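Ready for some exercises on reading a model? Try each task with the viewer open before you look at the worked solution.

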Amino acid sequence: MTERVINLKSFFEEARAGRLTGIRCGGCGELAIPSKEFCASCQKRDWKPVPLAGAGTIVSFTVIRVAPRGRGGEVPYAVAVVKLEEGLSLLGRVVDIPFETLKAGLPVRFRPVQIDSQTVIGFGPA
Ligand SMILES: [Zn+2]
């Protein structure tokens with residue numbers, strides 16, 4: 001179980017099913033997003049998976065209007081750095097929130113977003 005959710009592939013498999021998973025350091029209790037080798041705070045490698053509620057608030061955001069190569073059909077879209085209730089910050093795609101209402105402090109909730117066959121982290125209305 002521990003190994004299963006620690007690598008990045010599993011992190012996205014869980015996310016695809018709507019479950020956001022963090023990891024907590026057994027040494028000092030630091031929370032992080034997979035995958036990490038060593039804890040930045042205490043240098044241990046003793047991660048345990050922890051379910052994250054997925055609720056948070058926008059810290060900052062950017063509207064992407066010029067697409068990366070091959071992604072022309074997706075623009076414009078917004079990406080935001082979201083601070084989760086648990087204290088972690090995470091970058092995600094904004095979905096179902098009009099750009100003009102985006103602002104720092106806006107409550108949002110995690111949801112998986114399918115782009116082509118890939119799952120990415122998304123945030124929609126709380
Ligand atoms: Zn630690």
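**Exercise 1. Is Gln43 buried or exposed, and what is noteworthy about its phi?**

Start with the surface. Gln43 has a relative accessible area of 53%, so it's exposed (over 50%; buried is under 20%, partly exposed in between, with a 1.4 Å probe and protein chains only). Before you go on: this is a predicted model, where local features need pLDDT of at least 70 and side-chain atom pairs pLDDT 80 or more, while totals for chains, interfaces and linings use all residues. Residues are numbered from 1 along each chain as its sequence is written, and side-chain values use heavy atoms, leaving out hydrogens and water.

Next, place the residue: Gln43 sits in the loop between E2 and E3 (strands, E, are DSSP runs of at least two residues and helices, H or I, of at least four, numbered from the N terminus). Its side chain gets to the backbone oxygen of Ala40 at 3.2 Å. Then check the backbone: phi of Gln43 is near 70°, which is positive in a residue other than glycine. Finally, Gln43 and Cys25 are 18 residues apart in sequence, with their C-alpha atoms 9.5 Å apart. Cys25 leads us to the metal.

**Exercise 2. Which residues are the protein donors of the zinc ion, and why is the arrangement tetrahedral?**

First, collect the donors (N, O and S atoms within 2.8 Å of the metal, or 3.2 Å for Na, K and Ca; water is not among the atoms, so sites may look incomplete). You'll find the SG atoms of Cys25, Cys28, Cys39 and Cys42, lying 2.3 Å from the zinc ion.

Second, look at the angles. The four donor atoms subtend 101 to 117° around the zinc ion, so the arrangement is tetrahedral (four donors, all angles between 85 and 135 degrees).

Third, read the spacing along the chain: C-x2-C-x10-C-x2-C. Cys25 belongs to strand E1 (residues 20-25) and Cys39 to the loop between strand E2 (31-32) and strand E3 (47-52), so this pair ties together parts that are 14 residues apart in sequence.

Fourth, check accessibility. Cys25 is buried at 3%, and Cys39 is buried too, at 0%.

**Exercise 3. How many residues does the largest nonpolar core have, and which elements each supply at least two of them?**

Count the core: 22 residues (buried Ala, Val, Leu, Ile, Met, Phe, Trp, Tyr and Cys joined through side-chain atoms within 4.5 Å). Leu20, Leu84, Ile121 and Phe123 have the most contacts inside this core.

Now the suppliers. Helix H2 (8-16), E3, strand E5 (77-84), strand E6 (89-94), strand E7 (107-115) and strand E8 (118-125) each supply at least two residues. E5 gives the most, with four. Apart from this core lies another one, of five residues, including Ile23, Cys25, Ala32 and Trp47.

Zoom in on Ile121: leaving out residues up to four places away in sequence, its contacts (heavy atoms within 4.5 Å) include Phe11, Phe12, Leu20, Leu90 and Phe110.

**Exercise 4. What does Thr119 touch, and which side chain does it join in a polar contact?**

Thr119 lies in strand E8. With a relative accessible area of 11%, Thr119 is buried. Beyond four places in sequence, Thr119 touches Phe12, Ala15, Arg16, Pro112, Val113 and Gln114. One of these, Gln114, shares a 2.7 Å side-chain polar contact with Thr119.

**Exercise 5. Where is Leu88, and is it buried or exposed?**

Leu88 is in the loop between E5 and E6, and at 9% relative accessibility it's buried. For its surroundings, skip residues up to four places away and you get Leu31, Ala32, Ile33, Leu52, Val82 and Lys83. Leu88 and Leu31 are 57 residues apart in sequence but 6.9 Å apart from C-alpha to C-alpha.

**Exercise 6. Which residues are joined by a cis peptide bond?**

Keep the background in mind: most peptide bonds are trans, and most residues other than glycine have a negative phi. Pro34 and Ser35 are joined in cis, with omega about -10°; Ser35 is in the loop between E2 and E3. Val75 and Pro76 are also joined in cis, with omega about -5°, and Pro76 is in the loop between strand E4 (55-64) and E5.

To finish, look at Asp96, in the loop between E6 and E7. Phi of Asp96 is near 60°, a positive value outside glycine, and its relative accessible area of 59% makes Asp96 exposed.

Technical notes. Tetrahedral: all angles 85-135°; square planar, octahedral: opposite > 155°, others 65-115°. Polar contact = N/O pair within 3.5 Å; in protein donor to acceptor, adjacent residues only side chain to side chain.
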